[in-house]
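This briefing is meant to be read alongside the sequence and the three-dimensional structure. It proceeds topic by topic.

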Amino acid sequence: MKNRTRITLPVLALSLVACGGGGSGSASNLPPVQSEAVIDSGNAEAVAGRSMNGAFQTGGYGGFGGAGGFVTGGSSGLSKPAAAGGPAYQVPIGPETTPCAVSGSTTISGDIANPATITPGDFFNIDWDNCDDGVGVVIDGLLGNTFRSFEGDLLSGQTLLGITLRIDNLLATAGNEFNSADGDIELTVDTMTPMLATASSTGSIFTVASNISTDTLRNFSSTVTENTGMLPSLVTTTASGTIESSQFDGAVTYSTPVPFEALGDAYPYTGELLVTGANDATLRLIALDEVNVRILADYDGDGATDETIDTTWTELVPRPEFPAF
């Protein structure tokens, strides 16, 4: 599994295709929050699946932003060797526009106070203009990073970063498949403790869309911790928020009363997600193992289980939809 603090920025756009990310329109133009969804046997699995995907969706961005590329000096196209004896990497101020291999272009811009370190207020943007680099994916839209805070040491990799991630109509298209994202995420990426990396994400509104669904998350938060001292690494996730989806009418809230745990890139083998809709109806998703998941459905909100649904992770949240957390 890749360490999230070392994923470079182009991977973000490419991963939108793999992870099911995507947005539709500017957040300021989105409709007001919908009324609570009525959960019943007809939509229970759709509500459960979209809520599960939403819970993990924003956590997948924790390894992106400024921690990828600039901080690690990765091959993001954002960093250039400095003069001998100077800082190892620095971000060009730009704007610097580079043609893509087949068609389109990429424009990099930024303002870095001191190339040797990170200063609060530093920012850089990458703006794809229908960029086709011949890898099967065409990318359009803007990804912006502003560093809010910084502690630690870049050379050791032990850092505490506060980053505002701006995603503006970022669209990735591969053949007939598309994914896009729109919204802002406040990230805190903590690698101060050796072998541990924690990414916390919060935001007020974020929209993702694909051929499968269009989902809007509101007042969301997630925390993903990866313990790389284990092999495969142990990944723990907590999340909460509200989600609306084109796959069901209305909005539901979700939370993780029991954190999810997974090994490497596998599905969770333990953990619970609680989904609540109208009239206190609930769906409780329980990870039985990394293959199977159980849904306890209480449709009338009386606290008793009305239906038990046993399914698999691949049926509930297909792998192309499940972000690599």
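Helix 2 is mostly covered, with 12 of its 14 residues buried. The model is a predicted one, and the helix in question runs over residues 44–57. The protein as a whole has three helices and 16 strands.

**Helix 2**

- From its first C-alpha to its last, helix 2 reaches 20 Å, close to the 20 Å expected at 1.5 Å a residue.
- The buried residues of helix 2 include A44, V47, A48, M52, A55 and F56.
- Polar and charged names also appear on that buried list, among them R50, S51, N53 and Q57.
- Two residues of the buried list, A48 and M52, are in contact with L285.
- F56, another buried residue of helix 2, belongs to an aromatic cluster with F260, Y267 and W313.

**Nonpolar core and overall burial**

- In soluble globular proteins, nonpolar side chains tend to be buried together.
- The largest nonpolar core of this model has 55 residues, and those with the most contacts inside it are Y254, L283 and L285.
- Apart from neighbours within four places in sequence, the contacts of L285 are A48, M52, G271, E272, L273, V275, V293, R294, I295 and L316.
- Of the 325 residues of the protein, 49% count as buried.
- The exposed surface of the protein comes to about 13,400 Å², of which carbon and sulfur atoms supply 52%.
- Among contacts between residues at least 6 apart in sequence, 53% join residues at least 24 apart.

**Aromatic pairs**

- The structure holds five aromatic pairs.
- In one of them, the rings of F124 and F147 have centres 6.2 Å apart and planes at 50 degrees, so this pair is tilted.
- F124 lies in strand 5 (residues 123–132) and F147 in strand 6 (residues 138–153), so the pair ties together parts that are 23 residues apart in sequence.
- F124 and F147 are both buried.
- Y267 and W313 form a stacked pair, with 6.0 Å from centre to centre and 5 degrees between the planes.
- Y267 is in the loop between strand 12 (251–263) and strand 13 (270–276), whereas W313 is in helix 3 (residues 313–316), so this pair ties together parts that are 46 residues apart in sequence.
- Y267 counts as buried because its relative accessibility is 6%, under the 20% limit for burial.
- W313 is likewise buried, with a relative accessible area of 0%.

**Disulfide**

- A disulfide is a covalent bond between the sulfur atoms of two cysteines.
- The count for this model comes to one disulfide.
- That disulfide is formed by C100 and C131, whose sulfur atoms are 2.0 Å apart.
- The torsion about the S-S bond of C100 and C131 is about -115 degrees, so the disulfide is left-handed.
- C100 lies in the loop between strand 3 (96–99) and strand 4 (103–111) and C131 in strand 5, so the pair ties together parts that are 31 residues apart in sequence.
- Both cysteines, C100 and C131, are buried.

**Backbone features**

- Most residues other than glycine have a negative phi, and most peptide bonds are trans.
- N130 has a phi near 45 degrees, a positive value in a residue other than glycine.
- N130 lies in strand 5 and is partly exposed, with a relative accessible area of 43%.
- D280 also has a positive phi, near 65 degrees.
- The position of D280 is the loop between strand 13 and strand 14 (282–287), and D280 is exposed because its relative accessible area is 54%, over the 50% limit.
- L231 and P232 are joined by a cis peptide bond, with omega about -5 degrees.
- P232 is found in the loop between strand 10 (214–227) and strand 11 (234–245).

**E177**

- E177 is placed in strand 8 (residues 177–190).
- At 46% relative accessibility, E177 counts as partly exposed.
- Leaving aside neighbours within four places in sequence, E177 is in contact with A172 and N211.
- E177 and I212 are 35 residues apart along the chain, and their C-alpha atoms are separated by 9.4 Å.

Technical notes. Residues are numbered from 1 along each chain as its sequence is written. This is a predicted model: local features need pLDDT of at least 70, side-chain atom pairs count only at pLDDT 80 or more; totals for chains, interfaces and linings use all residues. Side-chain values use heavy atoms; hydrogens and water are left out. Rings of Phe, Tyr and Trp (its six-membered ring) pair if their centres lie within 6.5 Å; planes under 30 degrees apart count as stacked, over 60 as edge-to-face and the rest as tilted. Helices (H or I, at least four residues) and strands (E, at least two) are DSSP runs, numbered from the N terminus. Buried means under 20% relative accessible area, exposed over 50%, partly exposed in between (1.4 Å probe, protein chains only). Contact means heavy atoms within 4.5 Å. Accessible areas come from the Shrake-Rupley method with a 1.4 Å probe; for residues, only the protein chains shown count as cover. The expected span of a helix is 1.5 Å times one less than its number of residues. A nonpolar core is a set of buried Ala, Val, Leu, Ile, Met, Phe, Trp, Tyr and Cys residues joined through side-chain atoms within 4.5 Å. A disulfide is a pair of cysteine sulfur atoms within 2.5 Å.
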